[in-house]
Every structure is written in C-alpha cells, then in structure tokens.
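Please walk through the structure below, starting from its aromatic side chains and moving on to the strands.

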Amino acid sequence: MSGNIELLNTTLAATRAADRAALIAYLPAGFPTVDGGIEAVKAVIAGGADIVEIGLPHSDPVLDGPVIQTADDIALRGGVRIADVMRTVREAHEATGVPILVMTYWNPIDRYGVERFTAELAEAGGAGCILPDLPVQESALWREHADKHGLATVFVVAPSSQDARLATITAAGSGFVYAASLMGVTGTRASVGAQAQDLVGRTRATTDLPVCVGLGVSNAAQAAEVAGFADGVIVGSAFVKAMLDAPDEAAGLAAVRSLAGELAEGVRKN
C-alpha cells in the first residue's frame with residue numbers, strides 16, 4: 001500500500017492557491033492516553049488544522065522543550081509503543097481525510113527497522129515523516145524506503161544552516177521543508193522574529209518545496225505574522241500546553257479545538 005505524500009502535496013498546493021499558509025498542528029501519540037491522543041488530533045482538525053504531525057514519544061527528545069517533554073513522559077509512562085503511533089495515524093486519517101505525518105527521532109526507527117516502519121506507516125495512511133536528527137548524508141536508506149512506500153521525507157533547517165547546506169538538505173527532502181524559526185528547543189515564545197523570515201527566504205532560493213515554520217508560534221497574531229512569509233505555520237507546544245493545563249480530557253479537547261480555530265483564522269489574515 002502506498003502512503004499519502006500526494007495528499008500532502010495537494011493539500012499544500014490548495015492552501016497556496018487560496019493565498020494562505022497551511023496550519024500544521026503537532027501532538028504526541030499516547031498523550032494523555034492513546035485514545036485521548038487520537039481524539040485530540042480529531043479536535044485540532046475539526047478546529048481548522050490542515051495537516052497534523054504525530055510525535056513519536058522519545059526519552060531523549062533533543063529538539064523538544066519542557067512542555068512536549070512532559071507530554072512525552074506521560075505517554076511513555078503510559079506504555080505507548082510504535083504500534084500505538086501507527087494506530088493514531090490510521091484512525092485520525094480515516095476519520096478526517098487529512099494528511100498525517102509522524103515526527104520522530106532516528107533511533108526508534110533504526111531499532112524498529114526502516115523497511116518495517118515505512119511499510120507500516122504507509123499502510124496506516126501516513127503521508128510521511130519529519131526527521132529532525134537524521135543527517136541528510138546518512139539518509140539514503142530511509143529515503144529509498146520512503147520513496148518506495150509513497151512517504152514524504154521532511155528535513156529540518158535552522159538559522160545556522162549555511163546556504164550550501166540548505167541546498168543539500170532541500171534537494172534530498174520531499175513534501176515540505178521544516179524551518180526552525182530560531183536556535184533552541186520547541187516552546188511558545190513572545191515573538192517569532194526576523195530570523196525566521198530570513199531563513200524562509202534563503203531556503204526558498206534553493207527549492208520549490210513549500211517552506212513551513214515551526215518553534216515558537218502560540219497565538220493567532222504570531223500565526224498571522226508567520227503566514228505572511230511562510231507556506232505553513234507549525235504549532236505544537238501551545239496545543240500540548242492547552243491539554244496539560246485543562247482540568248480533564250473533555251476540557252482539553254475543547255481547548256485544542258478552540259485554539260486551532262483561532263490559529264486557523266490567524267493564517268488567513270493576510
């Protein structure tokens with residue numbers, strides 16, 4: 001069975017044709033439970049997210065700040081497994097028809113097996129993977145299997161990436177490019193800043209792939225700012241925090257749906 005890279009591509013083309021950025025939501029699998037995590041994904045899509053990234057909880061998440069680390073810890077203590085990540089992708093995609101990616105560090109895939117992981121993700125209806133710590137020069141095996149199974153390979157670029165390095169990264173990627181708006185870990189911030197706009201411009205000079213910005217966006221005003229120069233706005237910690245701060249799961253689902261609605265309005269204000 002082939003994965004859904006084409007659905008991802010057409011979704012991003014449609015938002016571009018509508019002259020707006022895509023809203024991309026991130027939520028970890030297994031948080032607050034596997035079932036609750038699936039319902040949270042449905043809630044952000046109901047609120048207006050165009051694309052969703054499912055995080056594969058990891059015990060050493062080098063890119064993730066304290067909010068997502070807390071959620072990952074809850075998921076891991078709850079016993080989440082890769083099978084639960086695949087189930088989350090499958091049920092969320094079947095319920096909504098929206099492109100669903102997995103964001104994961106390389107070690108779990110390496111231990112699970114590249115062929116097994118890509119085959120199962122495609123079978124679950126996944127659109128691809130975001131791989132923040134896989135060096136492009138070591139990615140040939142992954143890309144071979146991802147291509148075979150119709151999955152996008154999304155690499156992360158940072159403000160520190162030199163132009164020649166950007167060209168190497170974007171040439172190897174597919175789906176879109178994940179532009180980290182600043183140096184550091186994930187988390188909400190008071191401002192996203194000019195660094196992100198400069199990075200998007202430099203990245204676009206090397207590729208026709210959409211360039212989507214993450215790290216730091218937490219409200220509609222920031223979403224509107226980033227949507228003014230990026231093809232997609234990626235929001236993770238703000239959704240996770242809304243779930244963590246809620247008194248119960250029902251309130252958490254209402255909170256993330258409401259936040260998605262506000263952010264969806266933000267990406268359309270351009």
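**The aromatic cluster**

Trp106, Tyr112, Phe117 and Trp142 are linked into a cluster by ring pairs. The model is a predicted one, and the geometry described here was computed from its atoms.

The number of aromatic pairs comes to three. In one of them, the ring centres of Tyr112 and Phe117 are 6.2 Å apart and the ring planes stand at 85°, so this pair is edge-to-face; planes over 60 degrees apart count as such. In another, the ring centres of Phe117 and Trp142 are 6.3 Å apart with the planes at 55°, so this pair is tilted. The pair of Phe117 and Trp142 links distant parts of the chain. Phe117 belongs to helix H6 (residues 114-123) and Trp142 to helix H7 (residues 140-148), and the two residues are 25 residues apart.

How buried are the members of these pairs? Phe117 and Trp142 are both buried. For Phe117 the relative accessible area is 0%. Tyr112 has a relative accessible area of 17%, and because the limit for buried is under 20%, Tyr112 is classed as buried too. Tyr112 also has a charged neighbour: Arg116 lies over the face of its ring, at 3.8 Å from the ring centre.

Trp142 has further contacts. Not counting residues up to four places away in sequence, Trp142 touches Trp106, Ile109, Val114, Phe117, Thr118, Cys129, Leu131, Leu134 and Thr153.

**The nonpolar core**

Phe117 and Trp142 also appear in a wider setting. The largest nonpolar core has 92 residues, and those that touch the most other members are Val44, Phe117, Trp142, Phe176 and Phe239. Helix H12 (residues 249-267) gives the most to this core, contributing seven residues.

**Strand S9 and its partners**

Next comes strand S9, which spans residues 232-235. In a regular strand, side chains alternate between the two faces of the sheet. In S9, Gly232 and Ile234 are on one side and Val233 and Val235 on the other; these residues are all buried, so both faces of the strand are covered.

Which strands pair with S9? Strand S1 (residues 22-28) pairs with S9 in the parallel sense, over four bridges, and Ala22 stands opposite Gly232. Strand S8 (residues 211-214) also runs parallel to S9, joined by two bridges. Here Val213 stands opposite Val233. S8 and S9, together with helix H10 (residues 220-227), make a right-handed β-α-β unit.

Ile234 gives a closer view of strand S9, in which it is found. Its relative accessible area is 4%, and Ile234 is thus buried. Leaving aside neighbours within four places in sequence, Ile234 is in contact with Ile24, Glu53, Phe176, Tyr178, Cys212, Val213, Gly214, Leu215 and Val217. One of these residues, Tyr178, is 56 residues from Ile234 in sequence, while the C-alpha to C-alpha distance between the two is 8.6 Å. Another, Phe176, is among the residues that touch the most other members of the largest nonpolar core.

**A buried threonine**

The last stop is Thr88, which lies in helix H4 (residues 82-96). Is Thr88 buried or exposed? With a relative accessible area of 1%, Thr88 is buried. Leaving aside neighbours within four places in sequence, its contacts are Ala29, Val34, Ile38, Val41 and Ile54.

Key
Residues numbered from 1 in each chain as written. Predicted model: local features only at pLDDT ≥ 70, side-chain atom pairs only at ≥ 80, totals over all residues. Heavy atoms only, no water. Buried < 20%, exposed > 50% of the residue type's maximum accessible area, 1.4 Å probe, protein only. Pairing = 2+ DSSP bridges. Right-handed = clockwise from strand over helix to strand, strands pointing away. Core = buried A, V, L, I, M, F, W, Y, C linked by side-chain atoms within 4.5 Å. Contact = heavy atoms within 4.5 Å. Phe/Tyr/Trp six-rings, centres within 6.5 Å; stacked < 30°, edge-to-face > 60°. Lys NZ or Arg CZ within 6 Å of the ring centre and 35° of its normal.
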